[in-house]
2 protein chains.
Amino acid sequence: MRIEVICTGDEVLSGATINTNFSFISRQLYDAGLPVHWETTVGDDRESLLEAFRLAGARADAVIVNGGLGPTVDDLSQETAARAAGVDLALDEAWLARMENHFRLRSRVMPPNNRKQAMLPVGAEVLDNPVGTACGFAIEIGRARFFFTPGVPREMRRMIDEQVLPRILARSGTAQAVLLKRFHSFGIGESRADVLLAGVEALAPEGSVKLGFRAHYPQLETKLALRGSSQAELRERLAPVEAAVRERLGNFILAEDDQTLEGVVLAALRDAGLTIMIAEDYTGGRVATRLAVLTGASDVLRRSVAAPEVTALATAVGLDLAASGVAVDQQAAAIATTARLAARTDLALVALIEPDAGEDRTDFGGHIQIAIAHRDGVIIRRSRLVGGREWLRLGAAEMALDSLRRHLWGLPIDERIDFEKLPG
Amino acid sequence: MRIEVICTGDEVLSGATINTNFSFISRQLYDAGLPVHWETTVGDDRESLLEAFRLAGARADAVIVNGGLGPTVDDLSQETAARAAGVDLALDEAWLARMENHFRLRSRVMPPNNRKQAMLPVGAEVLDNPVGTACGFAIEIGRARFFFTPGVPREMRRMIDEQVLPRILARSGTAQAVLLKRFHSFGIGESRADVLLAGVEALAPEGSVKLGFRAHYPQLETKLALRGSSQAELRERLAPVEAAVRERLGNFILAEDDQTLEGVVLAALRDAGLTIMIAEDYTGGRVATRLAVLTGASDVLRRSVAAPEVTALATAVGLDLAASGVAVDQQAAAIATTARLAARTDLALVALIEPDAGEDRTDFGGHIQIAIAHRDGVIIRRSRLVGGREWLRLGAAEMALDSLRRHLWGLPIDERIDFEKLPG
């Protein structure tokens with residue numbers, strides 16, 4: 001089955017907008033076992049749109065068009081679709097009523113130019129858009145079924161998942177349903193994960209589960225993709241494979257599906273009713289910022305402090321490092337203990353990074369000390385990462401948050417990870 | 001002149017990589033007055049590449065191909081270009097010598113598969129790549145001149161600017177050179193900038209300067225694009241227009257060309273030999289993080305503190321707000337004064353944001369107090385922004401850094417901005 005995508009809009013074609021809609025659409029199709037074969041971007045221009053529709057309609061089995069369903073004069077998708085399909089446009093009364101209701105619910109009167117959004121090619125099938133006024137639709141052009149979707153990302157995403165994907169799957173043959181299970185981990189490289197998970201696919205019948213990885217440092221995403229006739233069947237097939245992955249990757253799994261590391265950390269803190277302060281050097285405050293921007297973080301993250309190096313950081317939390325006589329390998333613990341008392345929080349998380357001297361280069365690294373002070377004491381994690389300044393910053397921030405996750409979940413925080421370069 | 005771009009690579013087509021290379025290429029061409037007409041993305045697949053080259057070669061005058069010049073078996077651009085042009089591949093001895101030298105300089109032996117990168121279609125013109133081993137080249141396919149560029153962003157960008165753009169300009173007719181002057185501002189909306197700059201284009205002869213805007217909140221980019229026969233001629237034409245823009249946008253211009261707000265702030269602090277501490281609430285520490293991640297920031301930004309609300313922030317810098325009896329509209333000033341002394345820095349920048357109550361919505365806003373404490377006192381800026389939580393965070397962080405820029409540059413920090421919603 002040949003699938004093409006056509007992206008429309010002057011902002012995308014001129015480079016003013018980066019085309020993240022296309023990456024989303026293509027990834028969703030890829031994960032459903034329906035890779036995109038060809039992509040075309042054209043502007044808001046009748047001639048180009050018509051040419052793109054005709055070319056794709058002659059080559060492909062299914063074509064997803066994104067954008068051009070809005071109310072303004074440069075939104076040309078319906079008009080050009082009708083022309084390419086050789087039919088007229090007609091008012092869809094049901095969609096017009098939906099739009100009028102949409103505005104009424106918001107105590108507004110529908111502007112006259114929105115009426116254009118209910119003009120569809122005769123014979124088109126409506127693709128529901130529960131979150132906007134742009135009406136999606138499907139129609140045959142040439143030998144292909146075309147699926148027209150809105151350019152607004154939120155509306156597009158929902159329509160792709162709920163309306164377009166099931167229809168293309170149905171056309172592709174047996175599969176009527178897809179399921180994608182994702183695990184996010186920190187500390188296992190792709191090659192080790194591949195070894196650890198060898199054979200898990202065989203736990204499901206007849207190759208129905210496909211294992212894949214996506215490495216985006218510092219995290220690794222492990223994906224299990226399934227296609228079949230129903231969600232119930234897929235869940236059943238997935239179960240033994242999912243259990244095996246969870247057992248083999250074990251403590252390294254930090255989140256699943258749409259969860260994030262900072263999200264699970266915040267949830268664990270809230271569930272336990274704990275407050276925290278964060279102190280960090282070298283990271284530019286990124287550990288705290290990742291948590292702080294989440295909704296609900298303000299009840300939990302009560303203070304954060306950052307400084308360029310350890311002495312300044314210690315001073316900022318009220319500890320005179322030179323006078324204290326603390327050993328170098330106990331600095332994070334001492335700062336965490338002091339900081340927790342100063343901030344009057346239940347926990348203090350401290351991330352100290354001592355970078356190598358000299359210029360940035362691929363073997364540039366740094367020593368990392370992470371400490372978590374709690375009511376009954378303090379726990380420490382030491383490590384070394386190598387790979388350049390930005391690699392070190394990202395890895396150290398991830399390790400700090402992941403150590404906190406492990407502590408909150410009652411797991412050991414010092415399990416050896418693949419990225420570590422330990423002395424000797 | 002019809003220009004097309006063909007992007008190649010399975011990672012881009014599958015959505016694993018977001019296609020930022022295309023946005024760069026298209027923006028550079030657009031700014032040079034050469035808008036892209038059509039874009040195609042295909043995978044690392046002989047048949048698709050050949051089809052894409054033939055279609056574009058039949059339609060366009062100039063085609064830029066990105067990717068597929070690497071040493072591995074899935075890099076197919078040279079091979080497919082030769083096939084589409086109906087010529088053989090031949091070893092380019094000069095490029096082979098360049099590559100061998102490249103490896104020698106790094107004390108490495110060139111792996112045998114890199115030799116493939118010096119195989120070019122017979123008759124191709126070499127496009128220099130001073131920063132990598134992928135050899136760019138140009139060749140006729142159909143009625144179009146094709147320009148092949150590497151997928152590595154750093155190599156691609158330089159080749160587009162230095163090799164491809166001048167050649168396409170030369171083919172497009174009279175213009176041999178382009179010049180793009182950019183001004184970044186905060187506080188002026190696009191429509192007011194348009195009014196303020198009315199008529200500036202007429203200061204250059206015969207419409208040779210084109211004025212444009214790109215609004216990406218919180219900043220506005222004002223662009224002056226020129227095409228002509230030489231850089232010297234363009235600089236001369238630009239001069240009166242540039243001067244007029246600088247005068248009319250005045251203090252609102254915070255940076256030019258590739259400069260950033262945080263970059264100019266850091267430079268001004270370093271030039272003046274000043275250290276700073278930053279304290280902020282509600283922003284999640286973003287004001288400090290923007291500065292902290294820059295090279296050289298560690299000598300200047302000595303401490304940063306963040307907290308979810310003002311009382312916690314004051315406590316974190318050692319001020320008991322309740323006991324101090326400070327009036328609400330003097331809180332930022334009091335915190336800045338205390339924080340500056342506590343951190344022993346030359347300056348303290350404080351950003352306080354008091355968000356509205358309730359859910360996020362488009363008319364959600366907040367009151368902002370910014371204070372800069374210095375050796376001789378403290379200066380204050382008060383404002384109110386409306387537009388949702390994220391809009392408020394971004395705007396407040398920008399306003400804090402921009403107030404610091406104005407202070408360091410000796411400008412008033414309380415000039416009214418367009419985004420402000422002041423009471424009554």
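Begin by selecting strands E9, E10, E11 and E12 of chain B in this predicted model, where they form an open sheet of four strands in the order E10-E11-E9-E12, with antiparallel pairing. Strand E10 (209–216) and strand E12 (253–256) of chain B stand at the edges, and because each has a single partner strand, one side of each is left without a neighbour in the sheet. If you look from one strand to the next, the twist averages 25°.

Now keep E10(B) and strand E11 (residues 219–228) of chain B in view, since this antiparallel pair is joined by eight bridges. To find one of these pairings, pick B:Val209, whose bridge partner in E11(B) is B:Leu226. Then add helix H8 (residues 231–249) of chain B, which packs on the sheet and touches strand E9 (177–186), E10, E11 and E12 of chain B; the direction of helix H8 makes about 155° with that of E11(B).

Next, show chain A and chain B together. Chain A can be laid on chain B with an RMSD of 0.1 Å by a turn of 180° and a shift of 0.1 Å along the axis, and that is the relation of a two-fold axis.

Where the chains meet, select the 41 residues of chain A that are in contact with 41 residues of chain B. Among the elements of chain A that each supply at least two residues to the side touching chain B are helix H2 (20–31), strand E2 (38–42) and helix H10 (286–292), and strand E14 (301–307) and helix H11 (310–316) also belong to that group. Coloured by residue type, this side of chain A divides into 20 nonpolar, 14 polar and seven charged residues. Because 100% of the interface residues of chain A are also interface residues in chain B, the copies meet through the same surface.

Within this interface, zoom in on E14(A) and strand E14 (residues 301–307) of chain B, which run antiparallel and are joined by three bridges. Here A:Val305 has B:Val305 as its bridge partner in E14(B).

Finally, hide chain B and colour chain A by its domains, which are domain 1 (3–172), domain 2 (177–256) and domain 3 (261–408). The C-alpha centres of domain 1 and domain 3 of chain A lie 47 Å apart, while the C-alpha trace of chain A spans about 85 × 55 × 45 Å along its principal axes. A cartoon view of chain A shows 14 helices and 17 strands, and of its 424 residues, 46% count as buried.

Notes: Residues are numbered from 1 along each chain as its sequence is written. Chains are lettered from A and ligands numbered from 1 in the order in which they are written. This is a predicted model: local features need pLDDT of at least 70, side-chain atom pairs count only at pLDDT 80 or more; totals for chains, interfaces and linings use all residues. Domain bounds come from an automatic or database domain assignment. A residue is buried if 20 or more other C-beta atoms lie within 10 Å of its own, exposed if 12 or fewer, and partly exposed in between; C-beta atoms are placed from the backbone. Copies are superposed by least squares on the C-alpha atoms of residues with pLDDT of at least 70 in both. Two residues are in contact if their C-beta atoms, placed from the backbone, lie within 7 Å. Ala, Val, Leu, Ile, Met, Phe, Trp, Tyr, Cys and Pro count as nonpolar, Asp, Glu, Lys and Arg as charged, and the others, Gly among them, as polar. Two strands pair if DSSP finds at least two bridges between them. Axes are lines fitted to C-alpha atoms, for helices over the stretch in contact, and angles run from 0 to 180 degrees between N-to-C directions.
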